[in-house]
Structure formats: structure tokens, C-alpha cells
Amino acid sequence: MDGQLSAPTQATSLFDQTVIPGDIIVDLPSVANLRVGSGLRQDCFELLAMKVGTLRYKKPNKYWLESSHKRYDPSVEDTILGIVVGRNSENFLVDIKSSSLALLPVVAFEGGTKKNIPKLEIGSLLYVRVVKANHGTNPELSCTDASGKAAQFGPLKEGYMFDSSTGLARMLLSTPTCPVLQAFDLQRFKIVIGLNGRIWVNASTPSMVVLISNAIMASEFLSASQQANMVKELTDQLQTRCSVR
Amino acid sequence: MSAGEENIATPGEILGDSSQFIAGKGTYLAPNGRNIHASLTGQRRLVPPPPDSAEKRLTVEVVGHKTRGAVPEPGVVVIARVTRVMARMASADIMCVESKAVKEKFTGIIRQQDVRATEIDKVDMYQSFRPGDIVKAEVLSLGDARAYYLSTAKNELGVVSAQSIAGATMVPISWTDMQCPSTGQVEKRKVAKVL
């Protein structure tokens with residue numbers, strides 16, 4: 001069967017619907033000052049979908065795709081977890097699960113100057129913010145917020161980091177609090193979620209860390225009640241095992 | 001042996017004595033200071049000295065018999081296409097030297113401090129050039145083994161032609177902005193003032 005070329009489809013009929021690469025979106029409600037976000041490409045007054053995702057629209061002129069992938073496409077002001085893989089005289093080279101390495105200037109820390117460069121070893125896990133993300137150039141990161149303060153950015157010590165999809169990371173960061181996180185006793189663990197699909201967890205005991213990580217990894221496609229039930233079962237099992245010992 | 005062949009010189013061939021001739025283009029003076037040797041293959045040519053100089057000797061030159069493509073020299077204006085934009089520099093393929101096209105590929109680099117003349121440490125390379133832009137630049141120096149150093153730090157140098165994200169050729173509206181005629185979006189470039 002021949003592949004069919006997708007027909008140009010009216011924008012309003014596609015809002016909050018799934019689109020696939022190659023779909024052409026025409027008849028946009030307003031074309032002045034278009035702000036085209038991730039996953040979409042502009043061709044005169046049409047939009048082409050580049051990824052599989054849900055088309056979202058915010059009045060008056062913002063269009064983007066919400067999609068979930070293993071690979072991350074950097075965009076400005078995202079907070080992500082990166083791993084240091086190298087260093088040159090001006091920047092740390094950081095892997096952010098994207099197609100190119102990102103550059104973190106050695107002075108991009110609170111009170112950072114050429115004299116007090118932090119000693120980050122290869123393999124360090126960092127919580128960073130994306131400052132520049134242009135097509136064709138390496139993304140640039142920073143360990144400060146926009147005003148120059150540290151604001152919890154920087155290296156993460158101990159704990160456990162695992163990979164997930166970008167969709168799961170966004171779900172965990174959504175408000176109101178995601179059910180799987182809500183079901184845990186929020187004071188008993190620390191979690192840092194990177195929009196690039198990396199999640200870091202730390203708790204008082206290793207079994208708790210493993211429990212939380214497994215629960216999060218399994219929760220991507222469960223509904224709210226299923227997530228709550230799963231967490232309850234896991235914590236009950238852990239309690240019975242601990243009490244048996 | 002025809003008369004034409006007597007005039008052809010090959011590299012290393014002795015063309016004359018330094019007491020009678022001055023070494024010109026395509027020739028060099030031997031270390032012993034006496035012989036003038038050819039350094040190219042081509043036609044031997046004698047050039048009389050300028051009438052108002054004290055020099056009495058003729059200049060001997062070897063002129064290449066093949067036409068060579070243009071080669072960038074320091075101080076000439078070249079047209080180049082930007083290939084990569086990085087944090088501190090942009091790399092470009094030189095396509096024309098003055099108005100002649102080049103026959104072999106030359107690479108040029110435009111460093112952050114050579115993009116414009118004012119506020120050179122605040123230059124954002126991505127807001128000055130994008131891959132695919134055609135720029136007019138001046139050759140600063142022969143640079144290193146990999147690339148010439150180019151500069152766009154004058155009003156008449158910079159981006160002359162660029163495509164917008166939507167794919168149309170943009171129209172310059174100021175020395176920092178170009179506008180796409182089909183979507184109206186304005187993009188930042190370091191625009192050349194072409195009169």
C-alpha cells in the first residue's frame with residue numbers, strides 16, 4: 001500500500017490532538033509574530049510537524065508540540081541534569097542527552113571568577129539551567145538563575161540518578177503534584193527532576209531509594225489511582241520485609 | 001627548437017646574474033647572492049626599471065602559463081558563505097575574492113572580536129551570523145594552517161544575503177535586523193551597508 005501524503009489540515013481541528021511527522025497545519029488563527037516551539041517548523045504561514053506529539057496552542061500566537069522522547073532537544077530556561085564529560089580552558093563540556101554536548105562556562109557559578117573555578121570532576125552530576133539553545137551551535141548552560149544567585153543549581157552529591165523519557169519528567173513536574181510523588185511521604189526523600197529525562201533521588205536508606213526509583217519508572221503510563229495503588233503496595237511490601245527482619 | 005621554447009623557464013633554472021638583473025615575481029636570488037633562479041614554470045619576461053629610479057638593471061620575472069584562480073590576500077574584500085557558528089567564532093567558506101571566483105576551497109574564520117567595531121566583548125555570534133548566510137568580509141591575515149582570519153568590522157561588511165527560518169530571502173531593515181518578506185519575522189544579523 002502506498003504511503004499517503006498527509007493533507008493540509010486546519011489548525012483548530014488539530015489543537016490538543018496527536019500529530020505525526022509530516023502533518024501540515026494550515027489556517028492558523030493568527031499569523032502575526034508567530035512563536036513556534038519545539039517539534040514544529042514554520043514554512044511561510046503553515047506549520048510542519050517534526051515529531052509525534054500533541055499540538056498545543058496558547059493565544060494569541062504560541063504553538064508547540066508536547067512529546068515524549070528518550071533524546072532531549074534543548075530549549076532556553078529549561079532546568080536539566082547534566083554530566084560533566086570534559087573541560088577546556090573556558091567551559092566544562094556537559095552531556096545533556098541531546099545531539100550535541102553543552103558548554104558550561106567556568107565562571108557561570110555564583111560569585112564565579114577565573115580565580116575560583118569549582119573543581120568538577122568528570123562524571124559529576126549537575127543541576128543546570130539552559131541559557132542558549134540555538135540550532136547548529138552547542139547549547140550553553142549556567143549554574144545560576146537569571147539574577148546570578150546559586151538557587152539550588154550546581155553539583156549533586158550521593159543519591160541515585162536514572163534515565164527516563166522527557167514526557168515522564170514533565171509529568172512529574174506538573175502541578176498539581178503528580179500522584180506517584182504525592183503517594184510517598186514527601187519529607188522522607190529528595191528528588192531532582194531534569195526536563196531532559198534524568199531524575200536524581202536521595203533518601204535515608206538504599207531500599208527506600210530503590211523503591212522510589214522503581215515506582216517512578218513504572219508510573220509513566222498508569223492512571224492516578226493506579227499510581228497510588230502501586231505505591232501503596234510497594235511500601236507495604238517493604239514494611240513487611242523490614243518487620244520480618 | 002622553436003623560439004618560443006627559449007623563453008620557458010622551469011623551477012631552479014638560472015635566469016641570469018644579480019649584477020645584470022633584479023629578481024622579480026616567480027624568481028628568487030640564490031643564497032650565494034649571485035644567481036637568479038626561477039621558482040615557477042612559465043614564460044621568462046624582462047621588465048624595464050621605472051624611468052625615475054636610479055636602478056639600471058632590468059627585472060626578470062617568470063609569469064605562470066596557466067591562469068590561476070584568485071587567492072585571498074590580506075586587505076582584500078571577499079565574499080564567503082558561513083558554514084558553522086560557534087560560541088566565539090564563525091567559520092566560512094570563501095567563494096569570491098574581490099570579483100573573481102576562487103578555483104579551490106579556502107576557509108575563513110570570523111572571530112568574536114572581529115565581527116564589529118564597537119562593544120566587541122558583548123557580541124553574540126548567533127545574532128550576527130547563521131549557517132548559510134552570505135557575508136562580505138575583509139581578509140585580516142593569512143591566519144593559521146587551517147583558515148584565513150576575516151573581519152566584518154566595518155559598515156559595508158557583514159551579511160549581504162540570508163534566508164529566514166521560513167525559507168525566504170530576507171530584506172535588511174537596519175544594521176542589526178533583517179526581515180522575512182513572507183512572514184514578517186525579524187531576525188538578527190550583522191548586516192552590511194550595501195550602497
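User: What puts the charged end of Arg111(B) over the ring of Tyr149(B)?

Analyst: This is a predicted model, and in it the charged end of Arg111(B) is 4.3 Å from the centre of the Tyr149(B) ring. The distance limit for a charge over a ring is within 6 Å, with the charge also within 35 degrees of the ring normal. Arg111(B) is listed as sitting over that ring, so the call fits the distance limit.

User: And what lies over the face of Phe21(B)?

Analyst: That's Arg44(B), at 5.9 Å from the ring centre. The cut-off is within 6 Å, so 5.9 Å still counts.

User: Why are Phe15(A) and Tyr57(A) called stacked?

Analyst: Two numbers go into describing a ring pair: the distance of the centres and the angle of the planes. Here the centres are 4.6 Å apart and the planes make 10 degrees. Rings pair within 6.5 Å, and planes under 30 degrees apart count as stacked, so Phe15(A) and Tyr57(A) get that label.

User: Where does each partner sit in chain A?

Analyst: Phe15(A) is in the loop between helix H1 (11-14) and strand E2 (18-19), while Tyr57(A) is in strand E7 (residues 53-58). They're 42 residues apart, and the pair links distant parts of the chain. Ring pairs also join Phe15(A), Tyr57(A) and Tyr63(A) into a cluster.

User: Is Phe15(A) buried or exposed, and how do you know?

Analyst: Its relative accessible area is 17%. Buried means under 20%, so Phe15(A) is buried. Tyr57(A) comes out at 24%; that falls between the 20% and 50% limits, so Tyr57(A) counts as partly exposed.

User: What makes the pair of Phe106(B) and Tyr148(B) edge-to-face?

Analyst: The angle does it: their planes are at 80 degrees, with the centres 5.8 Å apart. Planes over 60 degrees apart count as edge-to-face, so the name follows. Phe106(B) belongs to strand E10 (residues 100-111) and Tyr148(B) to strand E12 (residues 148-151) of chain B, so the pair ties together parts 42 residues apart in sequence. Both Phe106(B) and Tyr148(B) are buried.

User: How many aromatic pairs does the structure hold over all chains?

Analyst: Eight, counted over all chains.

User: Why does Val186(B) count as partly exposed?

Analyst: Val186(B) has 44% relative accessibility. Exposed would need over 50% and buried under 20%, so 44% makes Val186(B) partly exposed. The residue lies in strand E16 (residues 186-188) of chain B.

User: Which residues make the nonpolar surface patch with Val186(B)?

Analyst: Val171(B) and Ile173(B) join Val186(B) in a patch of about 240 Å². Patch members need over 30% relative accessible area, and the 44% of Val186(B) clears that bar.

Note on methods
Residues are numbered from 1 along each chain as its sequence is written. Chains are lettered from A and ligands numbered from 1 in the order in which they are written. This is a predicted model: local features need pLDDT of at least 70, side-chain atom pairs count only at pLDDT 80 or more; totals for chains, interfaces and linings use all residues. Side-chain values use heavy atoms; hydrogens and water are left out. Patches are made of residues with over 30% relative accessible area and no salt bridge: like charges are joined within 9 Å, nonpolar side chains (Val, Leu, Ile, Met, Phe, Trp, Tyr) within 5 Å. Accessible areas come from the Shrake-Rupley method with a 1.4 Å probe; for residues, only the protein chains shown count as cover. A salt bridge is a side-chain nitrogen of Lys or Arg within 4 Å of a carboxyl oxygen of Asp or Glu. Helices (H or I, at least four residues) and strands (E, at least two) are DSSP runs, numbered from the N terminus. Buried means under 20% relative accessible area, exposed over 50%, partly exposed in between (1.4 Å probe, protein chains only). Rings of Phe, Tyr and Trp (its six-membered ring) pair if their centres lie within 6.5 Å; planes under 30 degrees apart count as stacked, over 60 as edge-to-face and the rest as tilted.
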